[in-house]
Amino acid sequence: MIIGTAGFTAGLSVQRLEDNGLTVDQGPVLVAGATGGVGSLAVNILVKRGYDVTASTGKANEADYLKTLGAKDVIDRHEVEDTEQKPVRGKRWAGAVDPVGGQTLQYILSTLNYDGSVATSGLTGGTEVYIRASFHFKGN
Ligand SMILES: NC(=O)c1ccc[n+]([C@@H]2O[C@H](COP(=O)([O-])OP(=O)(O)OC[C@H]3O[C@@H](n4cnc5c(N)ncnc54)[C@H](OP(=O)(O)O)[C@@H]3O)[C@@H](O)[C@H]2O)c1
């Protein structure tokens, strides 16, 4: 009851990433929409489990708040938006929690490490996702 449905969604997202093989030694995990309900609780849960968390946000003035939650790095949300529809970029993330969707999900898919995974649950950043590469989907 304390963590609410946003916390439940954040917890299920982390569980799904770990079910897909995510471990703390694999590198940074991105949380998009990090000041939101799902995002802030995902940051909290991941940090408590020992992950290096990069939080992306559109609210630069909330960087200190995200650091107090334990985020190692805080980056601007525009840095994780795929405005050019590039299918592949340099690999950055072992995993990601994405309550944003749209161009943010496109960006995450193009920058996940091989065998990395993303748990996506929202569409605050848009409902359309263009995917041009082929992916191996695990789970539901
Ligand atoms: N809450 C739940 O129980 C729950 C359960 C399942 C699914 N969902 C879905 O998950 C999504 C997020 O839910 P929430 O409860 O976390 O909502 P929220 O508290 O409103 O947080 C959403 C966050 O997304 C970011 N954002 C907002 N507009 C954006 C835009 N145009 N482009 C990119 N980022 C944007 C903002 O974070 P920054 O300013 O930090 O970037 C905002 O705080 C929704 O689509 C919701 O339907 C929620």
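**The second largest pocket, the ligand shell and a salt bridge**

In this predicted model, the lining of the second largest pocket consists of six nonpolar, eleven polar and three charged residues. Here Ala, Val, Leu, Ile, Met, Phe, Trp, Tyr, Cys and Pro count as nonpolar, Asp, Glu, Lys and Arg as charged, and the others, Gly among them, as polar. Local features need pLDDT of at least 70 and side-chain atom pairs count only at pLDDT 80 or more, while totals for chains, interfaces and linings use all residues. Residues are numbered from 1 along each chain as its sequence is written, and side-chain values use heavy atoms, with hydrogens and water left out.

The volume of this pocket is about 250 Å³. Of its 20 lining residues, Ala32, Gly33, Arg77, Val100 and Thr124 are the closest to its centre. A pocket is an open set of points on a 1 Å grid over the protein atoms alone, where a 1.4 Å probe fits, with protein on both sides within 12 Å along at least five of seven lines; lining residues have an atom within 4 Å of a point. Grid points are joined across faces, edges and corners, and the volume is the space filled by probe spheres set on the points. Helix 2 provides the largest share of the lining, three residues.

The ligand is surrounded by 20 residues (a heavy atom within 4 Å), of which Thr5, Thr35, Val38, Thr57 and Lys59 come nearest. Helix 1 (4–19) gives the most to this shell, with three residues; helices are DSSP runs of H or I with at least four residues, strands runs of E with at least two, numbered from the N terminus.

Arg77 places a polar side-chain atom 3.1 Å from an oxygen atom of the ligand, and for Thr124 the distance is 3.3 Å. The protein covers 66% of the 890 Å² of accessible area that the ligand has on its own (Shrake-Rupley method, 1.4 Å probe).

Six salt bridges are found in the whole structure, each a side-chain nitrogen of Lys or Arg within 4 Å of a carboxyl oxygen of Asp or Glu. One of them joins Lys72 and Asp52 at 3.3 Å, N to O. Lys72 is in the loop between helix 3 (63–69) and strand 3 (73–76), and Asp52 is in the loop between helix 2 and strand 2, 20 residues apart.

How values were computed. A polar contact is a pair of N or O atoms within 3.5 Å; within protein, one must be able to donate a hydrogen and the other to accept it, and residues adjacent in sequence count only if both atoms are side-chain atoms.
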